[in-house]
Amino acid sequence: MPETILVVDDDPDIARFVEVNLRSVGYDVLVASDGEEALTRAEELRPDLVLLDVMMPRVDGFEVAQRLRRNPRTANTSIIMLTAKALSSDKVLGLTSGADDYIIKPFDPIELLARVKTTLRRARDMRSLSPLTGLPGNIRIQDEIQRNIDEDIPFAVLYCDLDHFKAYNDHYGFVKGDRVIQATARILQEAVEEYARAEGFVGHVGGDDFVVILPPDVADVAAARICERFDQEIASFYDREDLKRGYVEVEDRQGTLQRFSLIGVSIGIATTSRRKFSHYGEAVDVATEMKQYAKRQSGSSFAVDRRTL
């Protein structure tokens, strides 16, 4: 489905010029001739991007940008301002009004398309990031696995899941629970930096689930390192009494106290060392299966799929 762009300019010739150039590369383009019309159409249609002229009658571009940002339906819409003024004060005013970028008239169509593409890509990336960890989410994870498959790049998928996290969250509260999630993200990122650098990838599926992508030859040692680091650091998230006992007590729905061990990390590994994958879902399924094997062991552990198909 093509991304939708709302072009707002009171000069019909400029609006048409911009519309033709955007349509030529596959964008769905709408046009508004003034600020009030732009606000109405943006709220109704919720475009991915608004290309907004600054100098317009009735409502200028600065006010339109501010009102778009205040409206919950359009608050996350990307905005590029089109201005004939090159003064730095006007650029600053545009950005502080809520614009993501600005283009000075007259502009080259190639520059326009490049700015639009960059702004939309940045918006897609931001939407896919976990607000808690700043890591890429499901869409990016799937794309990264599929890219490795399509380009025939050897890889290993490490599906990482925290054991007994819900009990910890119930016992200590979500604020401390969030800190555990953030610490886990950091440990995974440090492992990728240590063993794979630019060849590695870390994503946050959501909750206490993470995915790491590494070259197959370092998957085992990286998983072992993650387990070791996690067990070293998790102790600092418990009260002394709970740590000494080695468990927390949490009431179930019937009001009965249940004992839960300290949080551990279980890692399931699917690798192209012994089999081929044609779809990211196949790799995820295998890694999920191996994660269940890892969970059968006590404490932090990992399990690798060593079957040959």
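Select C160 and C227 and display their side chains: the sulfur of C160 is 8.0 Å from the closest cysteine sulfur, in C227, which is too far for a bond. A disulfide is a covalent bond between the sulfur atoms of two cysteines; here the term is applied to a pair of cysteine sulfur atoms within 2.5 Å. The structure holds zero disulfides.

The model is a predicted one, in which local features need pLDDT of at least 70 and side-chain atom pairs count only at pLDDT 80 or more, while totals for chains, interfaces and linings use all residues. Residues are numbered from 1 along each chain as its sequence is written, and side-chain values use heavy atoms, with hydrogens and water left out.

Keep the two cysteines selected and consider their surroundings. C160 is buried, with a relative accessible area of 1%, and C227 also counts as buried, at 6% relative accessibility. Buried means under 20% relative accessible area, exposed means over 50%, and partly exposed lies in between (1.4 Å probe, protein chains only).

**Strand β6 and its partners**

Next, select residues 156-163, which form strand β6. Strands (E, at least two residues) and helices (H or I, at least four residues) are DSSP runs, numbered from the N terminus. Eight of the eight residues of β6 are buried, so this strand is largely enclosed by the rest of the structure. Show the side chains: A156, L158, C160 and L162 point one way from β6, whereas V157, Y159, D161 and D163 point the other way.

Add residues 209-214, strand β8, which pairs with β6 in the antiparallel sense over six bridges. Two strands pair if DSSP finds at least two bridges between them. Along this pairing, Y159 stands opposite V211. Then add residues 264-271, strand β11, which runs antiparallel to β6 and is joined to it by eight bridges. There, D163 stands opposite G264.

**The parallel sheet**

Move now to an open sheet of five strands, in the order β2-β1-β3-β4-β5, with parallel pairing. Its edge strands are β2 (28-32) and β5 (101-104), each of which pairs on one side only. Neighbouring strands of this sheet are turned by 20° against each other on average, direction ignored. Such angles run from 0 to 180 degrees between N-to-C directions, and the axes are lines fitted to C-alpha atoms, for helices over the stretch in contact.

Within the sheet, select residues 49-53 (β3) and 78-83 (β4), which pair in the parallel sense over five bridges. V50 stands opposite I79 in β4.

**Helices across the sheet**

Select residues 35-45, helix α2, which lies across β1 (4-8) and β2 and runs at about 145° to β2. Helix α5, residues 109-127, lies across β1, β3, β4 and β5 and runs at about 175° to β5.

Finally, find N21 in helix α1 (residues 12-23). Is N21 buried or exposed? At 16% relative accessibility, N21 counts as buried. Not counting residues up to four places away in sequence, N21 touches P109 and L113; contact means heavy atoms within 4.5 Å.

**The whole chain**

Zoom out to view the protein chain, which has eleven helices and twelve strands. Its C-alpha trace spans about 70 × 50 × 35 Å along its principal axes. Buried residues make up 47% of the 309 residues.
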